[in-house]
Every structure is written in C-alpha cells, then in structure tokens.
Amino acid sequence: MKVTLLGFMKKEFAQLLRDKRMRIILFIMPVIQLMLFGFALSNEVKNIRLAAVFPLSDRISHEVLSKAFGSGWFKPARTTSTRDPSEWIRADQADVVLVAPPEGITQALQRGNARIQLLIDAKNVVRAQQIEGYLTAILQTTALDFIPVAAAPQGGVVFETRVLYNPELITSYFMVPGVMSMILCVITVIMTSMAIAREREVGTFEMLIAAPISIREILLGKTVPYIALGMLDAPVIILFATAVFGVPLRGSLLLLLLLTFVFVCTTVAVGTLISTISKTQQQAMLGGFIFLLPAVLFSGLMFPIENMPIYMRVFGYCNPLYYYNSAVRNIMLKGGDPSAVLVNVLILAAFAAGLIWISAKRFRLTLG
Amino acid sequence: MKWQMKWSRIIAVLRKEVFHILRDPFTLALALALPLILVLVFGLAIEFNIRELRMAVHDGDRTYQSRGLTEVLGSSGYFKLTNEVSPVAAMGALEGERAKAALIIEKNFGKQLGSEQVARAQVLLDGSDNSTVGLILGYLNGVQKIAEHKFLPEVASSNLEIRTKYLFNGELNSRWFTVPGLLAIVIAILSILLTSLTIAREWENGSMELLLSTPIRPLEIVIGKLVPYLVLGLGAATFVYLLARLGFGVPFRGSHFVLIPGVLLFITAYLTQGLLISVITRRQQLAMQLSMMTGLLPSILLSGFIFPIENMPPFFQVFTSILPAKWFIQISRGTFLSGSGFAELATPFLALFVLNGVLIMLATKNFKKDLEP
C-alpha cells in the first residue's frame with residue numbers, strides 16, 4: 001500500500017512541476033505578488049491635491065498651505081481659473097479646496113469667528129474622511145499659533161494616543177501577513193480542485209478506479225502533494241516578509257508553521273470538496289472563486305469585520321481565512337498571545353477536521 | 001481571397017460556442033453567481049465607517065468626570081465599551097484580540113478637570129490593524145470636542161469654525177464608492193477567466209488543431225469564440241448597473257453614451273488579454289493561475305478599486321497605468337458620481353484605446369506564431 005501511495009504522490013508532483021512555467025507560477029509568482037502588493041498598497045493618504053481660495057494678505061492661509069505642503073500629505077493642485085471653486089473638484093483638478101472667508105482667516109479671527117469651508121471630493125469615502133482630519137488638524141494648530149497666548153484655552157481634555165505593535169503605522173506590517181494568507185489560499189484551493197477535476201475531465205479517473213489502489217490512497221495521493229506545496233511556499237513567503245519588508249516576527253516561527261499547516265489542510269480540504277461537485281476544470285475553478293472571493297473579503301485583510309452588520313459578520317466567523325489572518329498577525333506583530341492563538345488554531349483544526357470528513361465522504365460518493 | 005472573412009463561418013463557430021456554454025448550465029450558473037455574490041457582499045457587508053469598535057476601558061478614577069468621558073465615548077456609536085479591572089487587563093484585551101483600542105483613565109482625571117488643568121486620558125490603539133487606526137484617530141478628535149464642551153463649556157468655544165462639504169457623495173455612503181468600481185471587477189472575472197479557460201481547453205483537448213485544419217481562418221475562430229463572452233460580459237455589466245441604481249440607490253449623474261463605449265472598450269481589452277493568456281499557456285490550470293495573477297488580483301488591488309492609486313509609491317502610480325481596470329474605474333466612477341463627460345475622461349479613454357491596440361497586436365502575433373509548424 002505504501003509503495004502505490006508513494007508512486008501516486010510522485011506522479012502528482014511530477015505532473016504538477018513538469019511544466020517549467022508552472023514551477024515559476026507556483027514559487028516565483030507568490031514572491032512577486034507579495035512584493036507588488038506589499039510595496040504598493042498603503043493606507044496612508046498621500047498626494048492630496050489641495051487648492052485654496054483666500055485673499056493674498058491672509059497670513060494664516062499662507063501658513064496653513066506651507067504646513068500642508070511641508071507635511072508630505074498634500075501637493076498643490078493645478079487649477080485653471082474659474083469663479084466656482086467646486087468646479088475644480090468637478091473637473092478633477094483638485095481633491096480638496098479650502099475656502100477662507102472673504103476678508104481672510106487672520107482678520108476674521110481678530111474680529112471674532114472665522115468660517116472656513118472645505119470642499120472635498122468624496123468619491124472615495126475613506127480618503128475623504130482622512131483628508132478632512134489632516135486639514136482640520138493643520139488649520140487648528142496654525143490658528144492657535146496666531147492667537148495671543150492669553151486667549152488660549154486653559155484646561156481641557158487631552159487624549160494621549162499611543163499606537164501599539166506598529167507605532168509608525170507601516171502599512172506593510174499589516175498588509176503582508178494578510179497577503180500571505182491570500183496567496184496560500186489561492187494556490188492550494190484552486191490547484192487542488194482543478195487537479196482532481198482534471199482527472200475527471202480527461203477521463204483518467206475511471207482508470208484510477210480500475211487500478212489496484214484504494215479510494216483512500218487516491219484521496220491521499222491527490223491531496224498530500226498540495227499540502228506539501230503550500231508548506232513549501234509558506235517559508236518562502238515568511239522569509240520575504242521578514243527580510244524584504246522588515247515585518248517583525250515577534251512570536252514563535254514553529255507556532256506560525258504549525259498554524260499554517262492546519263490552515264493549508266483546511267484549504268486543501270475545501271479544494272477537494274469543490275472538486276467533488278464539479279465535472280470540469282472550468283467548474284472547479286469557478287467554484288474555487290465562489291469560495292475564495294467572499295473568503296478574502298470576509299477575512300479582515302481589507303475590511304474590518306467589526307464594521308459589518310451583524311447578520312453579515314456571521315460569514316466572517318465561518319471563514320477559516322479570518323482565523324488564520326488574525327492568528328498570523330497576532331504571532332508576527334504581537335508576539336503571539338497564547339490563549340488567542342490557541343483558540344484560533346483550535347477553531348481552524350475543527351474546520352479542517354470537519355471539511356476533511358465531509359470532502360472524503362463526498363469523494364467516495366462521487367467515485368462510487 | 002487572403003483576408004476575406006466569411007460571416008457564415010464566424011457564425012458557425014459562434015453557434016458552436018453558444019451551444020457549448022448553454023449545454024453546460026452549471027458552469028454558466030457558477031459564472032453568474034460570482035458577480036452576484038460580489039455585488040451582494042459589497043452592497044450589504046462592506047462598510048468603511050467604523051461603528052461599535054471594541055474598546056477596553058479601565059476607569060481608575062471613578063469620578064463624575066471619568067464616567068462622563070466614558071459615556072461620551074459610548075454614546076458616540078463608534079465604540080462598544082467593556083470594563084477592565086486594571087491597565088494590565090486592558091492591555092491584555094488588545095493582545096488577546098478582544099479589543100481594538102483601550103482607554104485608560106488615571107486616578108487624577110476628575111481632579112485635574114475640576115482645577116482647570118489639562119486632564120489626560122490614555123488611549124492605546126492596535127497598530128496591527130492599521131486600516132482602522134486612522135479613522136479612530138479622527139473620531140477621537142470629535143469625541144474630545146464633545147467631552148470638552150460637556151465639562152468646560154466656557155473654555156472650549158473655539159472661534160475657528162470649519163465646515164466640510166463632501167462633493168459627489170455627501171453622506172459618505174460606502175456603497176456609492178464600491179459599487180461603480182465593482183463593474184470593473186465583475187467584467188474582469190467574466191472576460192479574462194472564462195475566455196482564457198475555454199480557449200485553453202480547445203488547445204488542451206487538441207480540438208484547436210482540428211479547428212485550424214478546417215477552412216476557417218484563425219481570425220474567424222477568435223471572433224466567433226469571443227463574441228458570446230462579450231455578450232455575457234455586457235449582460236453582467238447591465239445586471240450590476242441595474243442593481244447599483246435600483247438596489248443600492250447609487251446616482252447616475254453622467255451620460256450613458258459615455259459609459260457604454262467605456263464598457264465596450266474595457267471588455268474587449270480583457271477578452272483580448274484572456275485570449276493572449278490562453279495562446280501562451282495552452283493549459284487550463286496554467287491559464288487560470290496566469291489570469292488570476294495578471295488579471296483579477298491586480299484589478300482588485302492595484303486599480304484604485306479599494307486602495308487609492310494616489311497613496312502608492314511613484315513607481316506604482318506609473319506601473320498601474322498598464323491595467324485597463326484602472327482607467328475603466330475612473331470612467332465608471334466619473335460617469336456615476338461626478339457626471340463627467342468625454343472632456344474630463346479623455347485620458348482614460350485614450351489609455352484604453354492604446355491598451356486595446358497593444359493587446360490585440362500581442363495576441364495576433366502570438367496566435368500566428370503558434371500556427372506555424
């Protein structure tokens with residue numbers, strides 16, 4: 001039994017890695033993707049095109065502009081002359097326009113109240129709010145500088161904010177572990193489901209049934225190589241995450257690999273399950289996507305689950321990717337809080353056990 | 001004679017392809033379920049505005065003022081507070097993923113507020129999830145204003161009055177932002193993935209050689225095979241459009257005469273890319289991985305669909321220009337939200353034209369090369 005199983009796995013590996021282009025896709029592409037998404041994606045707002053309308057004599061406005069441009073978040077908008085400042089935003093020449101009162105902020109403040117209007121392009125909801133936050137902060141600190149000291153407010157409530165685990169808010173610390181889970185998931189789910197569906201489509205499955213090999217061996221032979229593949233890809237990705245992006249690995253590497261192993265078992269089981277309901281590779285691939293897209297969206301990689309309405313959060317809590325993501329971030333950035341990681345590993349293991357059981361059962365059924 | 005296309009031959013291939021699609025309704029259902037799921041997820045679940053974020057609170061002061069501060073935080077709707085017995089326990093909640101933020105109020109908070117001193121409260125934020133940190137910081141500013149107003153009405157009256165007007169999406173509705181972009185993603189899935197797979201399947205099964213040995217010209221095969229998918233893509237686009245307008249109430253402020261040419265250009269670009277991938281790979285598994293990596297993932301992550309291109313490093317701002325999705329999303333958001341016409345969208349249209357040209361050239365070149373023995 002062992003010999004046939006080994007032979008079967010060997011065949012599977014050979015088939016998988018025979019094509020040089022496939023080897024590139026499986027081992028080089030994850031790294032390229034990691035680099036691409038790790039470097040490109042950022043939550044830090046930059047290159048905000050700022051335009052301002054104010055009288056030339058207004059010192060505060062000048063100061064606000066130079067502070068804004070000096071901060072690195074803003075850059076001057078190239079605007080064509082027009083009477084209506086909101087036209088600049090309509091024509092996509094500016095992201096935000098600051099409209100000072102007609103007599104200027106400085107004079108208005110000396111007389112009492114200064115009314116300032118900010119026009120913001122809100123096509124992107126998050127960006128709009130961040131732009132407002134940055135600009136409001138700059139306006140307030142600048143105005144404070146110009147108000148005589150005696151009039152400055154006394155007392156008050158101050159929040160001393162400290163950002164833990166990633167004080168400089170480096171996006172790649174947050175993004176890279178997430179992208180890692182996504183890449184592993186894409187490779188294992190889709191490759192497994194397509195490999196089995198391929199045998200079905202080409203007709204070699206009938207041959208396998210006729211061969212002196214048990215169903216369990218077929219199942220193991222078809223899945224173990226893909227688990228191995230995922231486990232080969234994982235260290236490569238972890239190495240790049242730490243070496244190139246400098247993502248700290250504060251917890252234990254062994255724990256991270258164990259977690260990844262449980263996760264890969266889960267995703268390979270999902271792939272097997274998908275293959276049992278599909279007759280062709282195309283169906284397997286589409287089925288894979290129907291699992292993958294919601295799984296990635298509900299994983300907390302891009303959108304926090306906590307913001308979603310309750311009835312939608314349920315999907316997040318049924319999602320292996322969510323637990324993996326959360327545990328990877330915990331291990332890498334927080335050093336791995338034992339109870340939190342353990343809970344995630346146990347939930348993932350439960351997922352894996354359940355899915356393996358169901359998919360093995362369905363696998364037998366579809367073969368019979 | 002040489003380049004004469006026969007419509008009858010094209011139609012024959014087209015009919016065969018349509019039969020192929022219709023004969024297998026399960027595949028078609030799966031293909032159509034994908035856009036539906038995406039639209040539902042983005043329409044119903046994705047919310048950028050924070051609410052009920054879990055915050056661990058340790059109130060070491062237990063005075064009227066400290067309770068007032070937690071009340072202000074709790075009633076803002078942004079945070080869901082849990083009480084912790086000590087600062088260490090509050091930290092533990094952050095470490096154990098039970099909270100995203102922690103508020104620690106020290107013993108003298110109320111006394112300091114009463115004696116016109118600056119009263120400090122410590123806020124700890126979980127930086128491992130930095131998609132929310134920026135927004136939390138913004139909300140804290142607002143909460144601070146409310147708290148000052150509550151405790152010190154005479155001091156807090158600032159004479160700087162900032163009024164913000166959000167253009168194009170006055171209520172900051174997350175759906176208005178995501179759903180027009182979804183049009184691009186849905187088309188990307190249907191066009192690139194499906195075409196690259198069907199044509200790769202013909203190569204894999206060897207039926208492509210068979211087709212080529214008949215009097216049909218390569219160009220006729222390509223047109224015949226692509227047109228059904230063009231129709232499929234257009235159908236899905238119409239579906240997303242209707243759902244956006246009727247289901248999610250996204251406004252359409254521009255002209256359909258601008259959006260429709262944009263959709264057509266975008267679909268042809270991705271159909272051609274699918275064709276190119278299938279010609280290069282000739283294997284379904286490989287075709288699928290390549291479409292995923294060059295088509296779908298960049299369309300979602302690098303096109304400005306979620307992550308603004310303006311935030312990327314300079315290299316990527318240029319690099320993303322080779323993605324048709326980047327330009328189409330500009331056209332889609334422009335026509336939906338800001339009512340732009342051809343004048344404002346000249347660059348995206350021009351870029352799509354150029355990309356189409358390049359892709360068609362590459363695809364025909366590789367296709368012809370493949371035919372030589």
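**Notes on the two-chain model**

1. Let's start with the surface of chain B, which exposes about 15500 Å², with carbon and sulfur atoms supplying 64% of it. Accessible areas here come from the Shrake-Rupley method with a 1.4 Å probe, and for residues only the protein chains shown count as cover. For chain A the accessible surface is about 15200 Å², and 66% of that belongs to carbon and sulfur atoms.

2. A word on the ground rules: this is a predicted model, in which local features need pLDDT of at least 70 and side-chain atom pairs count only at pLDDT 80 or more, while totals for chains, interfaces and linings use all residues. Residues are numbered from 1 along each chain as its sequence is written, chains are lettered from A and ligands numbered from 1 in the order in which they are written, and side-chain values use heavy atoms, leaving out hydrogens and water.

3. On overall form, chain B has a radius of gyration of 28 Å, where a compact globule of 373 residues would have one near 21 Å. This radius is taken over C-alpha atoms, and the globule rule is 2.2 Å times the number of residues to the power 0.38. The C-alpha trace of chain B spans about 95 × 45 × 40 Å along its principal axes. Chain A also has 28 Å, against a value near 21 Å for a compact globule of 368 residues.

4. You will find 15 helices and five strands in chain B, and 14 helices and five strands in chain A. Both kinds of element are DSSP runs numbered from the N terminus (helices: H or I, at least four residues; strands: E, at least two).

5. Do have a look at the nonpolar surface patch of about 420 Å² made by Tyr311(A), Leu36(B), Leu40(B), Leu44(B) and Phe239(B). Such patches take residues with over 30% relative accessible area and no salt bridge, joining nonpolar side chains (Val, Leu, Ile, Met, Phe, Trp, Tyr) within 5 Å and like charges within 9 Å. A salt bridge is a side-chain nitrogen of Lys or Arg within 4 Å of a carboxyl oxygen of Asp or Glu. Helix α2 (residues 25–45) of chain B gives the largest share, three residues. Phe239(B) sits in helix α10 (residues 218–247) of chain B.

6. Finally, Thr276(A) belongs to helix α10 (residues 253–276) of chain A. Its side chain makes a polar contact with the side chain of Arg362(A) at 3.4 Å. A polar contact is a pair of N or O atoms within 3.5 Å; within protein, one must be able to donate a hydrogen and the other to accept it, and residues adjacent in sequence count only if both atoms are side-chain atoms.
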